[in-house]
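Notebook open, coffee ready. Here is what I looked up today.

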Amino acid sequence: MGGGPDKKGVPMKIVVDYDLCESNAICMQILPEVFEVRDDDFLYVLDESPAEELRPKVEECVNRCPKQAISIEG
Amino acid sequence: MIPPRSVTIVGASLAGLRAAETLRREGYDGSITMIGDEPHLPYDRPPLSKQILSGEWPPERSGLTSAEALADAGIELLTSKRAIGFDLATRQLEFGDGGTLVVDGLILATGARCRRLRATDHLAGVHVLRGLDDVEGLRRELDTGPSRVVVVGAGFIGAEVAATVRTAGFEVTLVEAEATPLARVLGSEIGEVCAEIHRDHGVDLRTGVGVVSVEGSRRVESVGLSDGSRVAADILVVGIGVVPNTEWLEDSGLTIDNGVVCDQTSLAAPGVVAAGDVARWPNPRFNEVMRVEHWDNAVEQGAHAARRLLVDDSAAVAFAPVPWFWSDQYDRKIQMAGRGRPGDEMHLATGSFAERRFAVLYGRAGRLVGVVGFNRPRHVMRYKSMIEDGVSFENAVSADV
């Protein structure tokens, strides 16, 4: 469990739908090393394919995004 | 700990759904039944007063899940089924259709419903906005072309409806009993900023007045205000708060007092938890008994309550969130975290009221207890983390964010 790519060997990929994202920044609070809302009020994904051990945190970001703008591929 | 043989969730909205999903994520393999009184699959409420009301999104886009996803997760959903009673001693639920069900684990997530103005039930054109059917009813009427909309209550829902309807080109009068919108939540200074935003967008904002009468024979025709004035209305939208749906539990043996009363861990009785708008619990972080009507709380407490059902009392943890919510009005994103209130020490941390882009900190007893931001999401989240970390007000004020 954790520490590497999943069974298929494919790392997860974080996808943000920027048509939905309104920079509420909840994701930044949960995972600041992956998500950053800058002073221009836009969200930047700092790491689209973070380490597998971060998956539960990424899933929390998906669930707690008020705009349902984040999804995980892989 | 012997996990419950089955878990029944009453309420099929956000808190209930997140509770069900959390049970599966935690590895629970018993049966899960979620029971809702609406005909719809679980849907998301925030878009209702904005994208769905404006017509930008079709109603189905508010869906939170699909029948397939629920089936894949082994979550049974019963729709159009209203719980009307529960007996803790026998653990039996009673339904409006005459059915009964004896439950093991029980999650109460029946939410809240809108307050209504008295003696308006017989009038067409009077609306509240809580559910998908409400917004579709309001949209249908707006589509038929009436132009004068009166919104009663400039709280978050009333303000959002006013913003959406005004942006769509309707004449809007917004009536608020307090001296400024949101005065009791944000204080009068920030409330005044909200007032200016409405007025700049052409909303006729009437503050410090209440509704004393609603006239009309079959449809609403006008609204009488406490200052003696009268406002013509083709449509009246009432946004004067919500009440928790607990009547059905009055004789259950559970403690009901402005919500289902829970302990710190969200437990209302052995094997019974509550989550979302209906739950009232002591939040140890703020040493305050609270009932929180926010979207994020439904997500978080739904998950917490589900986990609570799966552990022994000795392993149970307190639910101690920093409440957070947002409201989108015109081009402003208002966000609030913590428990700031008028009377707290306040500090403008960034921006200015004049540019309507700022973050204000709230301090009480030397601690940072709240933050309000207008178009400052990054700051709000940074300060929210500081509230979680118990940072002193002084250190928050001097922090480089």
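Which residues touch the most other members of the largest nonpolar core? I found Val151(B), Ala162(B), Leu236(B), Val237(B), Val371(B) and Tyr383(B), in a core of 84 residues. A nonpolar core here is a set of buried Ala, Val, Leu, Ile, Met, Phe, Trp, Tyr and Cys residues joined through C-beta atoms within 7 Å. Buried means 20 or more other C-beta atoms within 10 Å of the residue's own, exposed means 12 or fewer, and partly exposed is in between, with C-beta atoms placed from the backbone.

I noted that helix H5 (residues 156–167) of chain B gives the most to this core, with 7 residues. Helices (H or I, at least four residues) and strands (E, at least two) are DSSP runs, numbered from the N terminus. I also saw a second, separate core of 46 residues, with Val10(B) and Ala305(B) among them.

Reminder to self: this is a predicted model, where local features need pLDDT of at least 70 and side-chain atom pairs count only at 80 or more, while totals for chains, interfaces and linings use all residues. Residues are numbered from 1 along each chain as its sequence is written, and chains are lettered from A and ligands numbered from 1 in the order written.

Next I checked Leu106(B), which sits in strand S7 (residues 105–108) of chain B. Leu106(B) counts as buried because it has 23 C-beta neighbours inside 10 Å. From its C-alpha to that of Val317(B) I got 18 Å, with their places 211 residues apart in sequence.

Last, the whole chain: I counted 10 helices and 27 strands in chain B, and 47% of its 401 residues are buried.
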